[in-house]
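User: Could you take one part of this model and walk me through it closely? I'd like the residue-level picture, with the rest of the fold brought in where it helps.

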Amino acid sequence: MNWTRNLWQRAMDLLPITGFHFDRPLVLLQSDDWGRVGVRDQEGLEQLRSHGVALGEHPYDFYTLETAEDLAALRATLTRHRDSAGRHPRLEMNFVLANLDFSRINLGGWRQIRLLPLAEGLPEGWSRPGLLEAYRDGIADGVFRPALHGTTHFCRQALERNLEGGGARADLLQALWLAGTPYIHWRMPWIGYEYWDPEKPDHERFLTAELQRDLIGQTVGAFAKLFSSLPRSACAPGYRANHDTHRAWAQYGIRVAQNGPGGCVPPHFDRHDVLQLFRTVEFEPATDPEFSLERCWIQAEDCFERGIPAVISVHSINFHSTVKDFRSRTLQLLDQFLSGLESKHSDLRYLHAEELCELVQSGFNGTVKESGVSVTRKKFTKARVWKRAG
Ligand SMILES: [Zn+2]
């Protein structure tokens, strides 16, 4: 079964695909995990430490949740910058639309997962005055663009199975939940990602097409409730998406699939007419001990030389500040990074993924008048792109 699938995948990777190329530098900023709670600030941190969870080994031990002030500071940084058309950079924010409802889980005797939609607020013990308004203000400005991450980041069936299983894993979950923290992924990778259950046999790890379709339908509904609009771009939690995910996204109106870093793959349409976009620059100062601005600039220039967009990945943790100030350094670096790009390229353009999709659809083999960007089509094979990426 696996052997056939691998062979099939290798054959697909050798097939020529039509990729889109652009005649000027395009920059997209993509950011995951917005709306997802982590460690419940200083109080939650101390509570967990008193339960014997030795926090501090990994940046994600200090992942909390953005505040309205974090968003205001981010907005201020973005609005200081403009591209050649006078437009600000747009940050595509991929939202997790529900958190665990700890008090209802507790009432139910810790047996079943209960969710609290982000549109209805935050779990008991959490306080973030003005947060929903801060998201909406940035969206109204055009510097934030909401997109779909998931309803949960973890795989619900994996979490429930481990909860039922008892033992050390269930004890860890309970200690975290009592402190208002759903999970810390690096300490418990067995919770997987929304559409991907890591402890299943290889070919059963992705949830079935039907389950994924139901989940995606619910997630789109929760998004619409929160933002009064429908999502057009999506990124699967943990980048774990397969054809069933893409098909279900397409059925619910998603036009762009955001993929993780993996070589300089040109944007292209898949068999469901979803634009596949790959991240090409990892701008993650909070989590990358080797972070260097120089390297980010080199990666961006490499994209421009190939005529593909620089798609910058910057997760929400980089803007958090409540137990550890990741935000100040990130914003300072982001400011420098964008200034560097702007001063080197007088024809630079900032877009979000949906704008790129529109550009491709209306402009290939010609110039889209209002944008001034010319789009060309070129054949490539995934096998060759990945070989070159080494
Ligand atoms: Zn994520």
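Analyst: Here's a close look at helix α10, followed by the zinc site, the aromatic pairs and one buried glutamate. Keep in mind that this is a predicted model.

Let's start with the helix itself. α10 runs over residues 293-306, so to speak a stretch of 14 residues, and spans 20 Å from its first C-alpha to its last, close to the 20 Å expected at 1.5 Å a residue. Which of its residues are buried? They are Leu293, Cys296, Ala300, Glu301, Cys303 and Phe304. These cover an arc of only 155° around the axis, so they sit on the same side of α10. The general background is that an α-helix has 3.6 residues a turn, so residues three or four places apart point the same way. On the face turned away from that buried side you'll find the exposed residues Glu294, Ile298 and Glu305.

What does the buried side pack against? Its partners are β2 (26-34), β11 (281-282), β12 (310-313) and α11 (327-344). Just past the end of α10, glycine 307 takes a positive phi of about 75°.

One of those packing partners, β2, leads on to the metal. The zinc ion is coordinated by Asp33 through OD and by His149 and His153 through NE2, at 2.0 to 2.2 Å. Along the sequence, the spacing of the donor residues reads D-x115-H-x3-H. Aspartate 33 belongs to strand β2 and histidine 149 to strand β6, so this pair ties together parts that are 116 residues apart in sequence. Both aspartate 33 and histidine 149 are buried.

Now the rings. The model has twelve aromatic pairs. In one of them, tryptophan 110 and tryptophan 177 have ring centres 6.3 Å apart and planes at 20°, so the pair counts as stacked. Tryptophan 110 is in the loop between α4 (102-107) and β5 (115-117), while tryptophan 177 is in helix α7 (residues 167-178), so the contact joins parts 67 residues apart in sequence. Tryptophan 110 and tryptophan 177 are both buried.

Phenylalanine 154 and tyrosine 183 meet at another angle: their ring centres are 5.8 Å apart and their planes at 80°, so this pair is edge-to-face. It links distant parts of the chain, with phenylalanine 154 in the loop between β6 (144-150) and α6 (156-165) and tyrosine 183, 29 residues away, in the loop between α7 and α8 (209-227). Phenylalanine 154 is buried, as is tyrosine 183. Elsewhere, ring pairs join Phe95, Tyr135, Phe223 and Phe227 into a cluster.

Charges turn up over rings as well. Arginine 36 lies over the face of tyrosine 63, 4.2 Å from the ring centre. The charged end of arginine 240 sits over the ring of tryptophan 196, at 4.3 Å from its centre.

Last stop: glutamate 66, which is in the loop between α2 (41-50) and α3 (68-79). Is glutamate 66 buried or exposed? With a relative accessible area of 0%, glutamate 66 is buried. Setting aside neighbours within four places in sequence, glutamate 66 is in contact with Trp34, Gly35, Arg128, Leu131, Tyr135, Ser316 and His320. One of these, Tyr135, also belongs to the ring cluster. Arginine 232, by contrast, is 166 residues from glutamate 66 in sequence and 23 Å from it in space, C-alpha to C-alpha.

Terms used: Residues numbered from 1 in each chain as written. Predicted model: local features only at pLDDT ≥ 70, side-chain atom pairs only at ≥ 80, totals over all residues. Heavy atoms only, no water. Helix = DSSP H or I, 4+ residues; strand = E, 2+ residues; numbered from the N terminus. Expected span 1.5 Å × (residues − 1). Buried < 20%, exposed > 50% of the residue type's maximum accessible area, 1.4 Å probe, protein only. Arc of directions from axis to C-beta. Contact = heavy atoms within 4.5 Å. Phe/Tyr/Trp six-rings, centres within 6.5 Å; stacked < 30°, edge-to-face > 60°. Lys NZ or Arg CZ within 6 Å of the ring centre and 35° of its normal. Donors = N, O, S within 2.8 Å, 3.2 Å for Na, K, Ca; no water.
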